[in-house]
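Dear colleague,

I am handing over the structure below, together with an account of what was found in it. Please read the notes with the model open beside them.

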Amino acid sequence: MRLFGRDDDRAALQPLRQIKLFSSLTARELKVVQALRHERQYLAGEIVFDEGDEGQAIYAVVEGEVEILRANGDRQQRLALLGNGEVFGELALLDQAPRAAQARAHSDCRLVVFFRADFMSLLETHPKIASKIALALARHLGGRLRQANAGARQEGHL
């Protein structure tokens, strides 16, 4: 049994390790990111952010599920159901445009939140870490764009 050392570090970093956006970071780099993260808990049905809100942060699911919804007339249309390790609200790191959809806790959940201002600071203080995250974000957004294009092709829009 170790009282101090790597076992404690590994346990503390575990929630970040499961987030796909940080999969290329080393343990030392994860410690830097760990210092910037904020944790929030939501009960099932609670709104994380609303469609039209200004984007200030990116979110990652650590426990539970979050659904992404868009208003469709007087109903809500589910766009996605996200689970552990998945991120949403990612465009907030790039701009502060209004949210394109609502995020709501589908079940009780725990989220890790990274604010845009902290990411901008990371660009200045730890550019290598920020560039790894930005590359992972670009790959993530590219994957979402390919999925959207494939769906549009199937529906005959492309």
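Which residues line the second largest cavity? Before the answer, please keep in mind that this is a predicted model. The lining of the second largest cavity is made up of Ile19, Leu21, Phe22, Ile58, Tyr59, Ala60, Val87 and Phe114, and strand E3 gives the largest share of that lining, with three residues. Its volume is about 30 Å³, and its lining residues divide into eight nonpolar, no polar and no charged.

The sheet comes next, since two of the names above return there. Four strands, in the order E1-E8-E3-E6, make up an open sheet with antiparallel pairing. Strand E1 (38-42) and strand E6 (87-88) are the edge strands, and because each has a single partner strand, one side of each is left without a neighbour in the sheet. Helix H3, which covers residues 116-125, packs on this sheet and touches E1, E3 and strand E8 (109-115), its direction making about 50 degrees with that of E8. Between strand E3 (residues 57-63) and E6 there are two bridges, in the antiparallel sense, and Ala60 has Val87 in E6 as its bridge partner. Ala60 and Val87 are both among the residues that line the second largest cavity.

As for enclosed space in general, a search of the whole structure gives two cavities of 30 Å³ or more. The largest cavity holds about 100 Å³ of space, and its lining consists of Leu21, Phe22, Val33, Leu36, Ile58, Leu93, Phe114, Phe119, Leu122 and Ile133. Helix H2 (27-36) and H3 each contribute at least two residues to the lining of the largest cavity, which divides into ten nonpolar, no polar and no charged residues. Leu21, Phe22, Ile58 and Phe114 appear in the lining of the largest cavity and also in that of the second largest cavity.

The largest pocket is another matter, with about 990 Å³ of space in it. It is lined by 33 residues, of which Ile68, Gly89, Glu90, Leu141 and Arg144 are the closest to its centre. At least two lining residues come from each of strand E4 (66-72), strand E5 (75-82), E6, strand E7 (102-105) and helix H4 (127-154), and H4 supplies the largest share, namely eight residues. By character, the lining of the largest pocket comprises 19 nonpolar, seven polar and seven charged residues.

Two of the strands that contribute to this pocket, E4 and E7, also pair with one another, in the antiparallel sense and over four bridges; within that pairing, Glu67 has Arg104 in E7 as its bridge partner. Strand E2 (residues 47-49) is likewise joined to E7, by two bridges and with the two strands running antiparallel, and here Arg104 is the bridge partner of Ile47. Arg104 of E7 therefore serves as bridge partner both to Ile47 and to Glu67, with strand pairing being defined by at least two bridges between the strands.

Finally, there are the charged pairs. Five salt bridges are counted. In one of them Glu63 pairs with Arg110, with 3.0 Å between the closest N and O atoms, and this pair connects distant parts of the chain, given that Glu63 lies in strand E3 and Arg110 in strand E8, 47 residues apart.

With kind regards

Note on methods
Residues numbered from 1 in each chain as written. Predicted model: local features only at pLDDT ≥ 70, side-chain atom pairs only at ≥ 80, totals over all residues. Heavy atoms only, no water. Contact = heavy atoms within 4.5 Å. Axes fitted to C-alpha atoms, helices over the stretch in contact; angles between N-to-C directions. 1 Å grid on protein atoms, 1.4 Å probe; cavity = no way out; pocket = protein on both sides within 12 Å on 5 of 7 lines; lining within 4 Å. Points joined across faces, edges and corners; volume = space filled by probe spheres on them. Nonpolar A, V, L, I, M, F, W, Y, C, P; charged D, E, K, R; others polar. Salt bridge = Lys/Arg side-chain N within 4 Å of Asp/Glu carboxyl O.
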